[in-house]
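Here are a few notes to read alongside the model. Take them one at a time, with the structure open next to you.

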Amino acid sequence: MTLSRDMIVLGLETSCDETAAAIVRRRADGTGELLANQILSQMDHAAYGGVVPELAARAHVTHLDALITAALSEAKLDFTDLDGIAATAGPGLIGGVLVGLMTAKGLAFAHGLPLIGVNHLEGHALTARLTDEAPFPYLLLLVSGGHCQLLIVEGVGRYERLGATIDDAVGEAFDKTAKMMGLGYPGGPAVEKAAASGNADRFALPRPLTGREGCDFSFSGLKTAVRKALLDLEEVGPQDKADLAASFQKAVGDILARQTGKALEMAGARLGPAPRLVVAGGVAANRYLRTRLEALCQERGAQLIVPPPKLCTDNGAMIAWAGAERLALGLSDPLDLAARARWPLTDLAAS
Amino acid sequence: MDEQVILPDMTGAYEAVLPDEAATRALGRALAGLVEPGDLIALWGDLGMGKSVLARALIQEAQRLAGGQVEDVPSPTFTLVQTYEAGGLSLAHFDLYRIGAPEEIYELGLDEALETGAALIEWPGRLEDLLPEERLDILIEERDKERAARLKGPARLIEGVRAALRQKRPAGEK
């Protein structure tokens, strides 16, 4: 069943460090509009290498209600204007997920609205449809602090994973590299900044999984190689750091471009005559990596779509949007929906 | 290159030299056949020393031994904890690098994990006084560019590892 009318959905995201509430409108023609986007990052005042205050569920509990109120006020809407309440139901830190999901259940019950439990990764996967009206199908490269995956997105709830990291996520590799070099947090921008004045060819770093079939990723060996390179230097000066950051970033660029290129080949005709590559996740903000993916797309005759950075990192808008997309297909969830710490996107087909 | 953490007292520890990553994996696999519900393995060592490599090898070998599906074991740095099933044994893989206060472990469910299965903890120093006394400590360090692991804890695990590694040498990794 497809509901051919506008859908206004509130979305809650509490599965990791961000507490977020957002409201989107999905029009009957499939286009969307962001009406409110409230977010509070628990990382805002903390250094990665230091301490993340109140990482756990408590912080979500403290702030979520105020964020929901702020989102309604920003959108100039009331609960009676909403068509549904969406929340991340997994994967993530279970305590955090429960806070958002329970809040959504309470609101859905109290206001007689449908509940939509959203897979956090599906939120990332569908964002480009809100921001860039990307039609299905497309290839998705999801690169963030906690994830690194390549998926074919064929429709709402229809995903095929072509590859994923077998160890560290890309954002994590950036953060840990920055930490080893004392570049500060967040690691992505810190490494990118240092790399700008560095010689990317000075250090020979590995490209793990080269020559192996498929499009899985591995970044653990790269991290170890950065550590070795640092130990081999007598003294580590600013230029050494710049060169190492540039060499590291180039290695990551090579790995991402190579595996994404392979995925484009694997997907082949399934992406249609004009293939699209959507990049989501915080790592998409790195300009060097973006240039590498632009070059890849140009070479393969593909279109590159990258949503704006604030909708690439974790946010509530993507949960509201995925909820609206599901609701438009007549999909909603019972109030006894369980939160899931682990929930691969490929398990969505059954739901 | 990392902030100072208080390391456990490793006096009298059993030492295994780890010339390469394969040796780190072999140590993880040796432990896979030995862990039982209630076992806590604390993995100490700097960034990039191979703590996750050891944990991954242990979890995947345990799943292999149980005859079940062998899953990917991605780093739990961002999710803080990932739980796996190996036959009837559940294995909780913690990474406490990012927690702010030791008390957060209550919310992450270490006690529950140890009631029903075994737990592996990276960055156990973050727990300070809340780190359970009864545990196997594994400290991976690099001295003069040679990497070695020191193990201290229950004799059942230490003797088991010693026997398993002796058996495999000098052929090295399977």
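1. First, a term. A cavity is a set of points on a 1 Å grid over the protein atoms alone where a 1.4 Å probe fits but cannot get out; lining residues have an atom within 4 Å of a point. A volume is the space filled by probe spheres set on the points, which are joined across faces, edges and corners.

2. A quick word on the source. This is a predicted model: local features need pLDDT of at least 70, side-chain atom pairs count only at pLDDT 80 or more, and totals for chains, interfaces and linings use all residues. Residues are numbered from 1 along each chain as its sequence is written.

3. So how many cavities of 30 Å³ or more turn up in the whole structure? There are three, and the largest holds about 100 Å³ of space. It has 14 lining residues, and those closest to its centre are K223(A), G48(B), G50(B), K51(B) and S52(B).

4. Two helices (DSSP runs of H or I, at least four residues, numbered from the N terminus) each give this lining at least two residues: α6 (220-232) of chain A and α2 (51-65) of chain B.

5. Now the cysteines. With a disulfide taken as a pair of cysteine sulfur atoms within 2.5 Å, the count over all chains is zero. For C215(A), the nearest cysteine sulfur belongs to C148(A), 11 Å away. The sulfur of C312(A) is 14 Å from its closest cysteine sulfur, also in C148(A), so that is too far for a bond.

6. Are C215(A) and C312(A) buried or exposed? Buried means under 20% relative accessible area, exposed over 50%, partly exposed in between (1.4 Å probe, protein chains only). C215(A) is buried at 1%, and C312(A) is buried at 3%.

Key
Chains lettered and ligands numbered in written order. Heavy atoms only, no water. 1 Å grid on protein atoms, 1.4 Å probe; cavity = no way out; pocket = protein on both sides within 12 Å on 5 of 7 lines; lining within 4 Å.
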